[in-house]
Amino acid sequence: MAGAIIENMSTKKLVIVGVILLLFQVFSFLVGGLIAPSPTTAIHYLAMKCVDARKVQQSKWFMPWGPNQCNKIRDFDEAMVRMIEANDIVFAVHIPLPNKEMSPWFQFMLVIMQFDIAFKVVNQIEDGAEVTIDVGLAYRDDSVSEWTEMAHSIEKRKLSCNFTTSKTYENEGRYYECDLLPFMELGSVAHKYYLLNIRLPVSERKRVNVGIGEIKDIRLVGIHQNGGFTKVWFAMKTFLTPSILIIMVWYWRRITLMTRPPVLLEKVIFALGISMTFINIPVEWFSVGFNWTWMLLFGDIRQGIFYAMLLSFWIIFCGEHLMDQTERNRFAVYWKQVGPIVFGSFCLFIFDMCERGVQLKNPFYSIWASDVGTELAVSFLPMAFIIVAGICACLYFLFLCFMVFQVFRNISGKRTSLPAMSKARRLHYEGLIFRFKFLMLVTLACAAMTVIFFIISQVNEGHWHWGDYTLQVNSAFFTGIYGMWNLYVFAIMFLYAPSHKRYGDEQSNGDLGVNSGEDIQLTTTITHLDGPTEIYKMTGKEAQE
């Protein structure tokens, strides 16, 4: 009977395939390490203090520099001397810096804010202090056109500042150590120039911006994806999409040519190929020419679907080699393992929709600045969510290691029937077992790298938003892991595709030392069950019975 390619292909050809895949894996790391620049760039901005002489909010856009620059002041001491009120001061930031341009290749723009607040005995930061920010965002595509308003909002941000020395008159003028605050996020960078005008309205009667200390300056950090990395990333997607699509169509065609219906494992492998193709399709090319602000959210959804499918596949892949023949090939059996994965993915989807979904209309919105987000941040700290996600990912990997150990133990129990076979037949099955164990170890390595990538990505994104931890991620890691996923999915579909060869076709019975009667007996006692591979059939308890 014909099995899968992993067991019918000669060892020499399998080694050649493995070496080719390994070379592609090394190449994917080299692409990121030698060709692509770092994934992101962070640019620091210091807001210029402009004076609104007309005292009309948003009456015009204030430019911090250039031919039409605003009337500026150096500091608030000068404002007091000139009797300029706080409500007449506008903090202006031009993005990017002078003689630079933004580009659609930057894909997204994340801006975080930090206040420079000086200590003063009579004007200290109160507990639970909250800053009210009146902010407007405008854009233009040349240096002479009028600014076009893109967004305007009144936001609130809670201050989290510490003063490390004693609060005495001698220490007046020293600065608080304040945490970074999430400020703005754009899902596309479709224009060349952006302008931010920030006001801090003060109202003693309404207790607006009271008890927030003596703010000296506002600093912003703009983070965007590097254009060079974007081009390399798009090129990888463009190259890998047809590769996975072709192998997926070829795999399913071979499945449908069989006389039996496909088993659960074969269906899940096909679903994994679909999810890989979904994340591969380079729709990001359109974001270069169109202002698609939803691309960031769409990318998160695609990656979430792939994560859920990949994690579920590994559980089912191991489980199908552990289950009794009466239990396997039933998706409902895995609800206890797959259910938490689906639930966790759904929760992350809701969280993403609550933040990036709202940011499609209001780029200044942050879920951590909302009432619910503030309570969660006070109770758990935002970084705690990343820690919990990392712990869950590690627990999943340990559970997967346990399942692989059980599979190996189950296979070892089946090997007790091998001594009764002829030498050639025994060597054949020992070779199949070795190939399968090697594939399982590769699966564990892939899972380990995926967990590490997930944790590092979350910590890196957390650093963008809160600045608590610093972690540099090289482009080679991104391109290498992305290439690894594609190569793994390609290898699984190729190796588990039905083979047109039969075990007896490669060697004659004389070479095997097995007569036809023995072959029929072995087929009846070990390989009479339906399944993609001999190992799959051997591991069923009914096969041993």
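Reader: Hi! Which strand or helix gives the most to the lining of the largest cavity?

Author: Hello! That is strand E10, which supplies four residues of the lining. Keep in mind that this is a predicted model.

Reader: Okay, noted! And what is the volume of that cavity?

Author: The volume of the largest cavity is about 60 Å³. By the rule used here, the structure has two cavities of 30 Å³ or more.

Reader: How does anyone find empty space inside a protein, by the way?

Author: A probe the size of a water molecule is rolled over the atoms, and this shows where empty space is left.

Reader: Neat. Which residues lie nearest the centre of the largest cavity?

Author: Eleven residues line the largest cavity, and those nearest its centre are Pro182, Met184, Glu185, Gln359 and Tyr365. Strand E10 covers residues 181–186, and helix H8, residues 335–359, also supplies at least two residues of the lining.

Reader: What classes of residue make up the lining?

Author: Six residues of the lining are nonpolar, three are polar and two are charged.

Reader: New topic: how many salt bridges does the structure hold?

Author: There are 14 salt bridges in the structure. One of them pairs Asp217 with Lys49, with the closest N and O atoms 2.4 Å apart.

Reader: Where in the chain do Asp217 and Lys49 lie?

Author: Asp217 belongs to strand E12 (residues 214–225) and Lys49 to strand E2 (residues 48–51), so this pair ties together parts that are 168 residues apart in sequence.

Reader: Are Asp217 and Lys49 buried or exposed?

Author: Asp217 is buried, and Lys49 is buried as well.

Reader: Can you show me another salt bridge?

Author: Sure! Lys120 and Glu214 meet through their side chains in a salt bridge, at 3.5 Å from N to O. This pair links distant parts of the chain, 94 residues apart: Glu214 is in strand E12, while Lys120 is in the loop between strand E5 (109–118) and strand E6 (130–140).

Reader: Why does Lys120 count as partly exposed?

Author: Lys120 counts as partly exposed because its relative accessibility is 32%, and that label covers values between 20% and 50%. Glu214, at 21% relative accessibility, counts as partly exposed too.

Reader: Got it. Which residue forms a salt bridge with Arg356?

Author: Asp300 does, and the closest N and O atoms of the two are 2.0 Å apart. Arg356 lies in helix H8 and Asp300 in helix H7 (residues 295–319), so the salt bridge ties together parts that are 56 residues apart in sequence.

Reader: And is Arg356 buried or exposed?

Author: Arg356 counts as buried, with a relative accessibility of 12%. Its partner Asp300 counts as partly exposed, at 25%.

Reader: Which residues are joined into one network by salt bridges?

Author: Arg74, Glu78 and Arg82 are, through salt bridges that share partners.

Reader: Back to helix H7 for a second. Is Phe313 buried or exposed?

Author: Phe313, which is found in helix H7, counts as buried because its relative accessibility is 0%. The C-alpha atoms of Phe313 and Ala271 are separated by 8.8 Å, and the two residues are 42 residues apart along the chain.

Reader: Last one, about the outside! Which residues make the nonpolar surface patch?

Author: Leu22, Val26, Leu30, Leu34 and Ile35 make that patch, which is about 520 Å². Leu30 sits in helix H2, residues 11–35, and is partly exposed with a relative accessible area of 42%.

Methods
Residues are numbered from 1 along each chain as its sequence is written. This is a predicted model: local features need pLDDT of at least 70, side-chain atom pairs count only at pLDDT 80 or more; totals for chains, interfaces and linings use all residues. Side-chain values use heavy atoms; hydrogens and water are left out. Patches are made of residues with over 30% relative accessible area and no salt bridge: like charges are joined within 9 Å, nonpolar side chains (Val, Leu, Ile, Met, Phe, Trp, Tyr) within 5 Å. Accessible areas come from the Shrake-Rupley method with a 1.4 Å probe; for residues, only the protein chains shown count as cover. A salt bridge is a side-chain nitrogen of Lys or Arg within 4 Å of a carboxyl oxygen of Asp or Glu. Buried means under 20% relative accessible area, exposed over 50%, partly exposed in between (1.4 Å probe, protein chains only). On a 1 Å grid over the protein atoms alone, a cavity is a set of points where a 1.4 Å probe fits but cannot get out, and a pocket is an open set with protein on both sides within 12 Å along at least five of seven lines; lining residues have an atom within 4 Å of a point. Grid points are joined across faces, edges and corners, and a volume is the space filled by probe spheres set on the points. Ala, Val, Leu, Ile, Met, Phe, Trp, Tyr, Cys and Pro count as nonpolar, Asp, Glu, Lys and Arg as charged, and the others, Gly among them, as polar.
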